[in-house]
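Got the model open in your viewer? Let's walk through it stop by stop, with a selection to make at each one.

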Amino acid sequence: MIRLVSLCFALAVLIASTACVQTRLDGPNHSADGPAWVAEGAGDEIAPFEIQRRVVLIGDTGLYLETDPVLDALAHWTRSGPPSTVVFLGDNLYDEGLQDEDRERGEKILRQQIEATPAQQVFVPGNHDWGLSPDGQDPKVLRNQQEFVLGFDHVEFSPRDGCMGPTTIELDQAPGERGVALVLMDPTKWLYPTLNSGCPKEQTKEEFLAALRATLTAHSDDW
């Protein structure tokens, strides 16, 4: 009985600690209105520069809040100034993706993210977007989200169709000049080998790594 109580207490502490991840993290706030952030001690090594494009990385946005301070900050960062690209890094819809029987709620959450900013957006799927649950998984859940976000002109979904990738989106790529390349991948199938991905061309881990190496080599001169 003592061991059982101790185990339950330990699990409770673990769950409580996990829940804390969704609380706000305190730290310095580098506003979009201020100068670009430069790592401490590196200021003397970096010449003055002008921001050509912002790439904003944001993840775990899949819960709905009537007033969402994170999405408000996203809107502020991308409202003015240089052009911006926003990459949603997965878990765009909790808990089990865009299920057919729960589309109204799911589309409301996704639409809130998309409408937070008119900037170019890229949605990368995470494990929750696959509809993973103890009862199994249906590749249609992932495609539901893919089809929904692609219905907006300024939104991309990548990699598509349950494939691992990698895929590449090139930004500000002028001929002969260094550009910005987003190399995107979805490792869910790697983590869950028995997953029914529905990818038209399934990859082995070796094939995926070879494709990733080739992509990184091809864009080694880009940011």
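Start with the whole protein chain: of the contacts with a separation of 6 or more, 70% are between residues 24 or more positions apart, a contact being heavy atoms within 4.5 Å. Before you click further, note that this is a predicted model, where local features need pLDDT of at least 70 and side-chain atom pairs count only at pLDDT 80 or more, while totals for chains, interfaces and linings use all residues. Residues are numbered from 1 along each chain as its sequence is written, and side-chain values use heavy atoms, with hydrogens and water left out.

Now switch to cartoon. You should find six helices and six strands; helices (H or I, at least four residues) and strands (E, at least two) are DSSP runs numbered from the N terminus. Along the sequence the pattern reads α-β-α-β-α-β-α-β-β-β-α-α. Colour by burial and 36% of the 223 residues come up as buried, which here is under 20% relative accessible area, with exposed over 50% and partly exposed in between (1.4 Å probe, protein chains only).

**The sheet**

Select strands 1 to 4. They form an open sheet in the order 1-2-3-4 with parallel pairing, where two strands pair if DSSP finds at least two bridges between them. Strand 1 and strand 4 (155–157) are the edges, each with a single partner strand, so one side of each has no neighbour in the sheet. On average, neighbouring strands of this sheet are turned by 20° against each other, direction ignored; axes are lines fitted to C-alpha atoms, for helices over the stretch in contact, and angles run from 0 to 180 degrees between N-to-C directions.

Zoom in on strands 1 and 2, which share five bridges in the parallel sense. Val 55 is the one to click: it stands opposite Thr 85 in strand 2.

**Helices 2 and 3**

Next, pick residues 69–79, which are helix 2. This helix lies across strands 1 and 2, running at about 170° to strand 1. Show side chains for Leu 71, Leu 74, Ala 75 and Thr 78, which are buried. They sit on the same side of helix 2, because they cover an arc of only 100° around the axis, taken from the directions from the helix axis to the C-beta atoms. What do the buried residues of helix 2 pack against? Strand 1 (54–58), strand 2 (84–88) and helix 3 (103–114).

At the N-terminal end, Asp 68 caps helix 2, with a side-chain oxygen 2.9 Å from the backbone nitrogen of Val 70. After the helix comes Gly 81, with a positive phi near 85°.

Helix 3 is the next selection: it lies across strands 2, 3 (120–123) and 4, at about 140° to strand 3.

**Odd backbone spots**

Go to the loop between strand 2 and helix 3, where you'll find Asp 91. Phi there is positive, near 55°, in a residue other than glycine, and Asp 91 counts as buried at 11% relative accessibility. Asp 95 is in the loop between strand 2 and helix 3 too, and a cis peptide bond joins Tyr 94 to Asp 95, omega about -5°.

**The disulfide**

Last stop: Cys 163 and Cys 199, joined by a disulfide (S to S 2.0 Å); the cut-off is a pair of cysteine sulfur atoms within 2.5 Å. The structure holds one. The link is right-handed, with 95° about the S-S bond. Cys 163 is in the loop between strands 4 and 5 and Cys 199 in the one between helices 5 and 6, so the pair ties together parts 36 residues apart in sequence. Both cysteines, Cys 163 and Cys 199, are buried.

Technical notes
A polar contact is a pair of N or O atoms within 3.5 Å; within protein, one must be able to donate a hydrogen and the other to accept it, and residues adjacent in sequence count only if both atoms are side-chain atoms.
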